[in-house]
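Trainee: Before I use this model, I should like to understand how its descriptive terms are justified.
Mentor: Then let us set the computed values against the definitions, one term at a time.

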Amino acid sequence: MKEAIGLTIPKVCGMGLHFELDGFRLIYLAVAVLMWSVSGVFSLEYMAHYKKKGQYYLFFWATFFATAGVFLSADFYTTFIFFEIMSFTSYVWVAFDEKKESLRAAQTYLAVAVIGGMVMLMGMFLLYDLCGTLRFDELKTAAGEILSGSKRVRLYAAGGLLLFGFGAKAGCFPLHIWLPKAHPVAPAPASALLSGILTKTGIFGIIVVSFGLFGADRAWGFFIACLGLITMFLGALLALFSVNLKRTLACSSVSQIGFILTGIGMGCLLQAAGEDNSLAVRGAFLHMVNHSLFKLVLFLCAAAVYMNLHELELNKIRGFGRKKPALMFCFLMGAFGISGMPLWSGYISKTLLHESIVEYAQAIQGLKMAGTAIPGILGNPVFWHGAEWVFLISGGMTAAYMLKLFIALFVERGLDYQNGAYMKMTSGAVLTAAAAVILLFGMTPHRFMDRMADMAQEFFGKTGHAHIIHYFSAGNLKGGAISLGIGAVLYVFFVRRWMMKEGQYVDRWPSWLDLENLLYRPVLQVALPGICGAVCGFVDRYLVSSLVTVFLTVSAVLCRGMDQMADGIIRAARFSTHSQIPRAGGMKEKRGKRTGALGKWNVSLARTKERIQRNGRMVEESFSFGLMLFAIGLCLTLGYLLLVFWMQAKYT
């Protein structure tokens with residue numbers, strides 16, 4: 001797709017909505033249509049016995065349109081609007097059955113989404129102030145000038161805020177906490193979408209921030225690459241420990257997001273080193289597509305298990321897949337694909353990502369030999385060789401936990417399950433078709449996957465044709481073989497010998513080692529309210545009380561002075577009246593009128609004094625008045641900022 005197609009809907013939400021369709025967006029729109037179609041057909045059977053089917057399908061399709069809006073957006077403002085709509089509509093999936101654990105997981109999901117969205121909004125404010133635009137196609141030039149100027153730190157701050165918001169939805173460390181909690185409780189077809197494509201909306205934003213704002217910036221590329229390495233390793237470790245089918249797949253999603261982030265970071269680093277970054281760019285994009293397909297197939301296989309058993313624990317579902325060849329085929333396609341088995345599509349994208357790390361390590365080694373070494377850890381080949389091994393070990397853990405799931409479901413003997421129909425023909429047909437795509441893409445990478453990468457790479461800022469890659473050469477097969485070998489060793493010595501006791505899978509992960517319960521909830525529910533309460537109490541007790549005391553003292557002095565002055569005036573008037581007209585009977589009425597007027601003035605002053613003192617006591621007794629004024633000020637400030645945005649959008 002050579003030229004992008006643009007569409008603008010003016011005056012919507014002040015700044016208007018801007019959309020664009022290019023190769024990347026076209027492919028991901030097609031992926032979204034495929035995933036919602038397959039999940040929708042499967043949902044007809046999965047949701048048949050639920051009473052709230054109408055509610056499910058309403059938010060099912062509302063989330064589709066919001067997700068499509070994110071992928072088609074051409075500026076951060078449009079992205080933010082559809083991003084927030086998508087977060088709130090998908091929240092219903094997590095809280096769908098309204099059980100205690102579902103509502104708690106939904107609470108976590110919503111908290112991460114709302115906090116991430118608000119942080120993203122602050123990043124948009126700062127970015128608009130710096131660049132004067134939020135359009136993707138205009139930001140690259142504006143950001144390039146800022147990176148070479150004195151406002152570089154402010155651009156990093158804006159980029160960091162945007163990364164926080166998008167990273168929360170993507171599920172990258174340390175904002176991954178919602179994924180292992182939300183997936184086990186959501187309906188399985190919805191879990192396929194949450195994992196397979198909603199996380200990619202976060203990756204979409206990270207791509208725009210990384211290649212649109214920073215591009216060849218070494219510091220940014222290094223940060224994203226390290227974030228990816230940590231996320232991939234931690235997610236794989238959590239999945240390896242898990243003994244719940246859907247939780248394992250959810251933790252696996254965290255790990256695969258880490259693989260994609262690593263590719264994005266390596267793309268920035270290779271570009272900064274003056275090298276061709278096509279391996280990293282194409283690998284990141286193709287792994288996005290692959291992961292969407294893997295999780296569509298694997299979560300729907302989990303749906304077939306749950307429909308029949310209403311269980312997800314491995315000890316309670318073991319052996320369910322025996323003598324079920326269709327289910328075994330579909331699960332194997334997803335498992336082989338995500339493990340990086342040659343001839344399956346995951347091998348292609350993982351090979352590209354692995355080779356991008358190797359390529360960068362070789363590039364900095366060459367620069368070092370040429371006398372132009374990159375200083376610090378960025379130019380240390382030992383560090384990047386270590387990063388390569390983190391990549392290979394994470395891939396090995398992926399193979400190990402997928403082997404664990406396969407053997408538990410299809411090899412081990414459990415209860416005697418009925419071998420009749422376990423899913424309808426339509427559900428089996430769409431699931432099998434989606435699984436077959438993984439094998440088709442892997443066996444013909446140049447025909448399908450390379451062409452998709454050619455269409456999408458311009459979105460990353462990469463133009464031109466990449467050199468032909470021999471995916472099945474000995475060197476590339478070596479990396480895949482190392483990961484698979486590590487996986488086999490981990491399964492034999494870690495899963496079978498340490499995670500199993502008396503033939504049962506044991507959850508060895510320490511229950512206290514939960515980032516949400518260990519850090520986030522104590523901070524947000526205990527520490528933050530405590531600190532804010534202490535600060536407000538100090539201000540109320542010392543600062544506000546002192547100000548009120550001063551105010552009341554001054555008011556009392558003024559009122560006392562005015563009272564004494566009024567008394568003096570009255571006495572002087574009375575004396576003057578008695579001295580000037582002592583016996584004039586005709587003047588008594590006039591004197592009485594003057595005295596009455598002065599008396600009314602005196603009463604008015606006394607009432608004013610009483611009213612001031614009463615108001616002072618009210619202010620002293622309640623600090624809520626000040627808080628109310630503060631809240632009103634914040635609202636006025638936000639309204640002013642929105643007005644400024646609207647005015648600038650209208651007249652520029």
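**Reasoning from values to terms**

Mentor: The protein chain contains 21 helices and four strands. Please keep in mind that this is a predicted model. Of its 652 residues, 50% count as buried. Among contacts with a separation of 6 or more, 81% are between residues 24 or more positions apart.

Trainee: Why is F80 called buried?
Mentor: Buried means under 20% relative accessible area. F80 has 12% relative accessibility, so F80 counts as buried. This residue is found in helix α3, which comprises residues 76–94.

Trainee: What does F80 touch, beyond residues up to four places away in sequence?
Mentor: F80 touches G117, M118, M120, L121 and M124. For L121, the C-alpha atoms of the pair are 7.6 Å apart, although 41 residues separate F80 and L121 in sequence.

Trainee: How do you know that α3 is mostly covered?
Mentor: The same cut-off of under 20% is applied to each residue, and 16 of the 19 residues of α3 are buried. Its reach from first to last C-alpha is 26 Å, close to the 27 Å expected at 1.5 Å a residue.

Trainee: What makes α9 largely enclosed by the rest of the structure?
Mentor: In α9, 17 of the 24 residues are buried, so the helix is largely enclosed.

Trainee: How do you know that the span of α9 agrees with what is expected?
Mentor: The expected span is 1.5 Å times one less than the number of residues. For the 24 residues of α9 this gives 34 Å, and the end C-alpha atoms are 35 Å apart, which agrees. At the start of α9, a side-chain oxygen of D217 comes within 3.4 Å of the backbone nitrogen of A219. That value meets the limit for a polar contact, which is a pair of N or O atoms within 3.5 Å.

Trainee: Which residues lie nearest the centre of the largest pocket?
Mentor: They are P180, K181, R247, W509 and D514, out of 29 lining residues. The elements that give two or more residues to this lining are α4 (100–131), α7 (178–185), α9 (218–241) and α19 (515–580). The volume of the pocket is about 830 Å³. Its lining divides into 15 nonpolar, six polar and eight charged residues.

Trainee: What makes the peptide bond between F173 and P174 noteworthy?
Mentor: Most peptide bonds are trans. The bond joining F173 and P174 is cis, with omega about 5°. P174 is placed in the loop between α6 (152–170) and α7.

Trainee: Which value sets L343 apart for comment?
Mentor: Most residues other than glycine have a negative phi. L343 is not a glycine, yet its phi is near 85°. It is located in the loop between α13 (325–339) and α14 (345–369).

Trainee: Why is L343 called partly exposed?
Mentor: Partly exposed covers the range between the buried limit of 20% and the exposed limit of 50%. L343 has 41% relative accessibility and therefore counts as partly exposed.

Trainee: Why is E502 called exposed?
Mentor: Exposed means over 50% relative accessible area. E502 has 77%, and therefore E502 is exposed. This residue also has a positive phi, about 55°, although it is not a glycine. E502 is found in the loop between β3 (500–501) and β4 (504–505).

Definitions and conventions:
Residues are numbered from 1 along each chain as its sequence is written. This is a predicted model: local features need pLDDT of at least 70, side-chain atom pairs count only at pLDDT 80 or more; totals for chains, interfaces and linings use all residues. Side-chain values use heavy atoms; hydrogens and water are left out. On a 1 Å grid over the protein atoms alone, a cavity is a set of points where a 1.4 Å probe fits but cannot get out, and a pocket is an open set with protein on both sides within 12 Å along at least five of seven lines; lining residues have an atom within 4 Å of a point. Grid points are joined across faces, edges and corners, and a volume is the space filled by probe spheres set on the points. Ala, Val, Leu, Ile, Met, Phe, Trp, Tyr, Cys and Pro count as nonpolar, Asp, Glu, Lys and Arg as charged, and the others, Gly among them, as polar. Buried means under 20% relative accessible area, exposed over 50%, partly exposed in between (1.4 Å probe, protein chains only). Contact means heavy atoms within 4.5 Å. A polar contact is a pair of N or O atoms within 3.5 Å; within protein, one must be able to donate a hydrogen and the other to accept it, and residues adjacent in sequence count only if both atoms are side-chain atoms.
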